[in-house]
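The following exercises invite the reader to work through a protein model step by step. Each task is followed by a worked solution.

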Amino acid sequence: MSATGYAVRAEGLQKRYAEKKGAKGGPHKLALDGFDLAVRAGTVHGLLGPNGAGKTTAVRALATLLKFDGGRAEVAGIDVRRDPRLVRRRIGLTGQYAALDEVLTGRQNLEMFGRLFHLGGKRARVRAGELLEQFDLVEAADKGVGAYSGGMRRRLDLAASMILAPQVLFLDEPTTGLDPRGRGEVWDAVRALVAGGTTVLLTTQYLDEADRLASHITVIDRGRTIADDTPDGLKNRVGGDRIEVVVARAADLAVAAKVIARVSATEPETDEVALRAHAQVGDRVAALTEVARTLQDEGIAVEDIGLRRPSLDDVFLRLTGHRAELEAAA
Ligand SMILES: Nc1ncnc2c1ncn2[C@@H]1O[C@H](COP(=O)(O)OP(=O)(O)OP(=O)(O)O)[C@@H](O)[C@H]1O
Ligand SMILES: [Mg+2]
């Protein structure tokens with residue numbers, strides 16, 4: 001690993017795409033516009049950003065699949081531009097779209113990938129067996145991939161990218177399109193990989209996914225790094241916890257907001273549909289106690305009351321001035 005303790009470093013990466021394919025000198029789009037990244041060895045690092053932010057471009061550039069136009073990048077201590085072949089030997093990549101053969105079984109797929117990576121027939125068989133076990137696919141091993149659930153497919157895809165036991169694994173939106181159960185299965189698999197010593201760079205549009213898996217998060221927007229922090233550090237930037245009260249009767253909402261206003265430095269917000277009032281608080285326990293007591297004294301029926309840590313969604317809004325979801329839907 002790199003002497004600096006970083007498995008991946010990028011400084012000022014730039015990537016220009018011609019707006020029309022092959023049209024050199026025509027209009028360009030800057031997909032990466034001074035992108036910076038530093039991933040500590042042995043960690044899961046989240047690369048978080050909305051649709052079109054430049055996540056796939058960054059991953060493909062770091063994985064040597066795409067030439068970048070400016071800046072520097074190092075993977076496993078190796079200069080990406082100078083030694084792409086050496087980099088390729090240290091990395092695995094799972095793309096946004098899986099490259100599995102539907103007709104073959106899970107085991108056959110892994111053996112085929114093993115042969116593609118020049119393992120001998122016997123070695124490929126043994127490695128396939130190990131990976132099926134590691135990714136909890138033993139029972140499904142001899143079924144056709146066509147019959148796999150989304151979560152099983154992604155796990156098989158992860159297994160395929162681990163054939164050569166790479167030091168650094170790039171996962172490009174590994175849970176997009178999965179149901180909650182499939183997402184949970186992939187998260188477990190990623191945690192197991194990191195416990196085994198692999199460094200994972202994981203791109204995601206899901207704020208909660210980065211929060212759960214990553215020890216560090218880089219937020220990318222329009223090809224540029226706009227934040228780089230721990231999940232908690234990011235959350236703290238939006239300024240601490242919020243108190244939330246849901247009232248039983250619409251007529252009580254305004255009173256609840258007034259009660260909250262007494263313990264909050266910010267103006268409470270109200271949601272007339274959800275019958276919810278909420279605001280930022282400093283001393284969380286004191287605020288909760290005070291609000292609960294006052295509401296009871298005033299005879300207001302409370303459906304729910306609680307404290308909420310700010311979500312990464314709130315952070316994105318604060319950092320960019322727009323919501324991640326809206327951009328993703330566009
Ligand atoms: N081959 C290409 N030619 C031209 N423009 C491209 C090409 N690939 C990507 N782009 C543009 O570059 C920008 C970054 O795209 P990229 O695919 O890296 O984003 P992303 O963050 O991976 O998005 P998503 O979450 O949708 O996967 C987008 O504006 C996209 O339209
Ligand atoms: Mg992408």
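The model is predicted.

**Exercise 1. Determine the strand order of the open sheet of 4 strands and locate its edges.**

Solution. Begin with the pairing: strands of a sheet pair through backbone hydrogen bonds, either parallel or antiparallel. In the sheet of 4 strands, the pairing is antiparallel and the order reads β2-β1-β4-β5. The next step is to find the strands that pair on one side only, and these are β2 (28-40) and β5 (78-79). Within the sheet, β1 (residues 6-18) and β4 (residues 70-75) are joined by 5 bridges. One position in this sheet can be checked directly: R9 stands opposite E74 in β4. Finally, helix α1 (residues 55-62) lies across β1, β2 and β4, and its direction makes an angle of about 115° with β1.

**Exercise 2. Describe the open sheet formed by 6 strands, from its order to its twist.**

Solution. Reading across the sheet gives β6-β7-β8-β3-β9-β10, with mixed pairing. Its edge strands are β6 (91-94) and β10 (224-229), each of which pairs on one side only. From one strand to the next, the twist averages 15°. Now take the pair at the β6 edge: β6 runs parallel to β7 (residues 168-172), and 4 bridges join them. T94 has L171 in β7 as its bridge partner. Helix α5 lies across β6 and β7, running at about 155° to β6.

**Exercise 3. Explain why the buried residues of helix α3 can be said to line one face.**

Solution. First list the buried residues of α3 (residues 106-116): they are G106, N109, L110, F113 and G114. Next, look down the axis of α3: these buried residues fall within an arc of 140°, so they line one face of the helix. The last step is to identify what they pack against, namely α4 (121-134) and α5 (150-161). Just after α3, H118 has a positive phi of about 70°.

**Exercise 4. Decide whether T105 and T43 are buried or exposed, and find their contacts.**

Solution. T105 belongs to the loop between β6 and α3. Buried means under 20% relative accessible area. The relative accessibility of T105 is 11%, so T105 counts as buried. Apart from neighbours within four places in sequence, T105 is in contact with A141, D142, K143, G144 and V145. Of these contacts, G144 is 39 residues away from T105 in sequence, yet their C-alpha atoms are 4.0 Å apart.

T43 is placed in the loop between β2 and β3 (44-48). Its relative accessible area is 17%, and T43 is therefore buried as well. A polar atom of the T43 side chain lies 2.7 Å from the backbone oxygen of R40. Leaving aside neighbours within four places in sequence, the contacts of T43 are V194, T198, T199, V200 and S215.

**Exercise 5. Which residues surround ligand 1, and which polar atoms lie beside its oxygen atoms?**

Solution. Start with the surroundings: 15 residues surround ligand 1, and the closest are G52, K55, T56, T57 and E173. Then consider the polar atoms in turn. An N or O atom in the side chain of N51 is 2.8 Å from an oxygen atom of ligand 1. For Q205, a polar side-chain atom lies 2.9 Å from an oxygen atom of the ligand. A53 contributes a polar backbone atom, 3.2 Å from an oxygen atom of ligand 1.

Definitions and conventions
Residues are numbered from 1 along each chain as its sequence is written. Chains are lettered from A and ligands numbered from 1 in the order in which they are written. This is a predicted model: local features need pLDDT of at least 70, side-chain atom pairs count only at pLDDT 80 or more; totals for chains, interfaces and linings use all residues. Side-chain values use heavy atoms; hydrogens and water are left out. Two strands pair if DSSP finds at least two bridges between them. Helices (H or I, at least four residues) and strands (E, at least two) are DSSP runs, numbered from the N terminus. Contact means heavy atoms within 4.5 Å. Axes are lines fitted to C-alpha atoms, for helices over the stretch in contact, and angles run from 0 to 180 degrees between N-to-C directions. Buried means under 20% relative accessible area, exposed over 50%, partly exposed in between (1.4 Å probe, protein chains only). The arc is that of the directions from the helix axis to the C-beta atoms. A residue is near a molecule or strand if one of its heavy atoms lies within 4 Å of it. A polar contact is a pair of N or O atoms within 3.5 Å; within protein, one must be able to donate a hydrogen and the other to accept it, and residues adjacent in sequence count only if both atoms are side-chain atoms.
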